[in-house]
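Reader: I am new to reading structures, and I would like to look closely at one part before I try to follow the rest. Could you start with how the strands are put together, and then lead me outward from there step by step?

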Amino acid sequence: MASKFSALLESRYLGWIGLAIALLAPFVTATNYSLSVMTSALLFVMLAVGLNIVVGYCGLLDLGYAAFFAIGAYTSGVLATRYDWSLLATIPVVIAAAVVAGVIIGGPTLRLRSDYLAIVTLGFGEIIRITANNLEITGGPSGIFGIPGITIGPLDLSTPVAFYYTCVVAVGLAVLGASRLGRSRLGRAWRFVREDEDAAEAMGIHTYKVKLAAYIAGAIWGGLAGILFGAQLTAISPQSFTFLWSALILMAVVLGGMGSTPGVVIGAVFVSVAPELLRGVADYRYFVFGVLLIVVMIFRPQGVWPTRAAERAPRKRRTTKDGPGGPGQSPQDRTVEAGS
Amino acid sequence: MSTDNTPLLQVQDLRLAFGGVTAVDGLTFAVQPGDILSVIGPNGAGKTSAFNCITGFYKPTGGSVRLDGEDITRLRPSAVAAKGVSRTFQNLRLFGELTVLDNVRAGMHLRMKQNAFDALLHTPRYRRSERIATEEAHRWLDFVGLRGDRAAEARNLPYGEQRRVEIARALARGPRLLLLDEPAAGLNHSEKQELLDLLHRIGELGVALVLIEHDMGLVMQVSRRIVVLNFGKEIADGTPEQVRNDPAVVEAYLGTDEDEDSGPQAGTVEEVQ
């Protein structure tokens with residue numbers, strides 16, 4: 001019974017189940033408030049899977065992830081409000097800005113050991129926020145107003161429901177993309193670096209380049225989430241990108257289970273939705289939230305849904321003649337290949 | 001390609017000093033294609049330091065390392081590995097939380113033909129390269145005779161099996177030269193016999209082998225040549241027969257009579273230097 005359940009949890013339909021839940025949620029509750037909470041949760045999911053590339057896959061502690069989020073939001077916001085670009089047209093520029101930012105921060109710092117890296121990224125997050133606070137083009141402390149909604153030709157996607165579904169599609173693709181990268185040659189290289197940098201080097205893996213790739217990928221995910229963030233709120237300011245954001249995103253990753261896509265998605269939904277659900281306890285809600293987090297970490301230090309390294313279907317046995325998968329077979333013979 | 005007289009690996013006057021301590025002191029030896037060479041010496045003789053210099057993990061303070069005539073001194077480890085030099089570590093360095101298969105796939109990283117876009121879009125190229133990598137990983141695990149579960153985390157395997165996985169991973173790199181740092185350490189008698197057989201089969205693949213090993217029985221059986229180090233210096237280089245009867249080697253291992261009070265190692269300092 002238990003194995004059937006865990007097989008379901010590891011099935012490849014898991015992504016479809018998650019997508020179905022996201023698509024059906026507005027049929028349960030579709031007030032403007034609940035749609036806004038759910039949209040925020042989706043953005044959080046996107047940020048968390050992006051940070052998961054850096055922290056979960058590659059093992060690099062990043063305490064300033066909100067900086068990339070801010071860079072994406074400001075780049076698209078400035079282009080859309082001052083130069084009348086449509087938000088979709090800003091995507092390539094945001095990606096380029098995120099890559100540049102990833103290289104600038106990652107380039108000199110990724111040679112550092114993990115704990116130093118954490119401090120530098122913490123500083124980077126603050127630098128970006130304070131820069132936005134002081135530049136003219138970013139609107140200084142009051143930020144940018146009047147960011148338009150997303151439109152595709154005549155199609156206006158800025159109503160709460162339409163924007164929610166836009167986010168479902170965008171975030172769904174982001175989750176799928178991150179998880180596919182994680183299961184590729186590059187994703188394995190990230191994990192090799194996380195597990196043992198020297199051994200990875202000995203296998204010919206240029207660990208510095210691989211770490212930089214993780215950083216850039218994380219920056220792109222964060223930057224793209226920034227576009228959606230600006231479109232959702234229509235206004236952004238430096239206060240939107242404080243250290244608390246970086247900390248909450250990191251919390252989502254750690255809480256859910258570092259390196260595990262379903263875990264990180266659940267962690268992100270929990271971290272963003274729980275404070276809203278706890279509005280009933282009013283002033284104590286962040287206190288209760290904090291206690292909940294501590295309890296989870298005590299009883300599930302590896303995260304709610306940790307990764308479990310196992311391969312569903314390691315081997316096609318061409319030489320085996322003793323018929324299809326009986327119960328007595330060794331694990332190698334179980335089923336056909338996972339990817340096929 | 002090399003001409004007949006260019007050795008596969010030429011270590012020339014290699015020196016490594018940490019502050020005032022000289023770990024490797026003018027080491028010179030050559031490995032021919034298909035050679036099986038052992039580097040032996042008492043603990044602290046500089047064997048692993050020499051390995052680390054050859055593979056780029058330490059930057060030697062002097063001397064050169066040439067692979068097939070090409071200078072690879074001071075290249076970063078991944079660049080040395082890309083040239084076809086593979087290694088294992090003295091203390092197992094598997095990717096413990098990853099599956100056995102993934103560990104072996106690490107060796108194929110440089111040869112896998114897929115990029116990030118193939119992975120994002122799951123193109124046919126991605127599927128093909130993943131399938132080929134999986135099949136090849138199984139072949140290497142078959143080659144080293146792994147019995148354990150290949151789909152499970154590597155850290156859950158017994159110690160001897162983990163050693164095999166590490167060798168399979170190093171072979172998957174497709175090396176011309178394989179450096180094994182104490183492959184027999186911690187193995188029981190029958191596992192050592194299997195290792196001996198495995199080393200011969202690796203040699204038959206045309207891969208040149210350099211071993212650091214303390215198990216003299218194994219060393220004498222498998223090696224064509226033996227280099228003996230003591231205090232970073234080479235004190236002998238020859239066939240197993242020659243090395244066994246070399247008085248300097250006997251002295252390095254056993255010390256001399258008059259120094260026994262102060263311990264054999266302290267004694268040999270004065271004798272050798």
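Author: Strand S3 (residues 36–40) and strand S8 (residues 208–212) of chain B run parallel and are joined by four bridges, where strands (E, at least two residues) and helices (H or I, at least four residues) are DSSP runs numbered from the N terminus, and two strands pair if DSSP finds at least two bridges between them. Within this pair, Leu37(B) has Val210(B) of S8(B) opposite to it. Residues are numbered from 1 along each chain as its sequence is written, while chains are lettered from A and ligands numbered from 1 in the order in which they are written. The model is a predicted one, in which local features need pLDDT of at least 70 and side-chain atom pairs count only at pLDDT 80 or more, whereas totals for chains, interfaces and linings use all residues.

The pair belongs to an open sheet of six strands in chain B, with the order S6-S7-S8-S3-S9-S10 and mixed pairing. Strand S6 (85–87) and strand S10 (233–238) of chain B are at its edges with a single partner strand each, so each has one side without a neighbour in the sheet. From one strand to the next the twist averages 20°, an angle taken between N-to-C directions of axes, which are lines fitted to C-alpha atoms, on a range from 0 to 180 degrees.

Just beyond one of these strands is Glu182(B), in the loop between strand S7 (177–181) and helix H7 (189–204) of chain B. Glu182(B) has 19 C-beta neighbours inside 10 Å and therefore counts as partly exposed; a residue is buried if 20 or more other C-beta atoms lie within 10 Å of its own, exposed if 12 or fewer, and partly exposed in between, with C-beta atoms placed from the backbone. Apart from neighbours within four places in sequence, the contacts of Glu182(B) are Gln90(B), Ile212(B), Glu213(B) and His214(B), a contact being two residues whose C-beta atoms lie within 7 Å.

Chain B has another sheet to compare with this one: an open sheet of four strands, ordered S2-S1-S4-S5, in which the pairing is antiparallel. Its edge strands are strand S2 (21–31) and S5 of chain B, each of which pairs on one side only. Strand S1 (residues 9–18) and strand S4 (residues 62–67) of chain B run antiparallel and are joined by five bridges; Gln12(B) stands opposite Ser64(B), and Arg15(B) has Gly62(B) as its bridge partner. S4(B) also pairs with strand S5 (residues 70–71) of chain B, again in the antiparallel sense, over two bridges, with Leu67(B) partnered by Glu70(B). S4(B) and S5(B) form a hairpin with two residues between them, and Asp68(B) in that turn has a positive phi of about 55°.

From here we can move to the place where the two chains meet. There, 31 residues of chain A are in contact with 40 residues of chain B. On the chain A side, the elements that give two or more residues are helix H7 (160–182), helix H8 (185–195) and helix H9 (197–202) of chain A. H8(A) gives the most, with seven residues.

H7(A) also links this side to the rest of chain A, since what covers its buried residues includes H2, H3, H8, helix H10 (207–233) and H12 of chain A together with helix H4 (116–121) of chain B. Among those buried residues are Phe163(A), Tyr164(A) and Cys167(A).

H12(A), which is part of that cover, deserves the last look. With 12 of its 17 residues buried, H12(A) is largely enclosed by the rest of the structure; the buried ones include Val264(A), Gly267(A) and Phe270(A). What covers the buried residues of H12(A) includes helix H2 (14–28), helix H3 (32–57), H7 and helix H11 (243–256) of chain A. H12(A) bends by about 30° at Val271(A), with Pro275(A) following within four residues, where the bend is the angle between axes fitted to the seven residues ending at a residue and the seven starting there.
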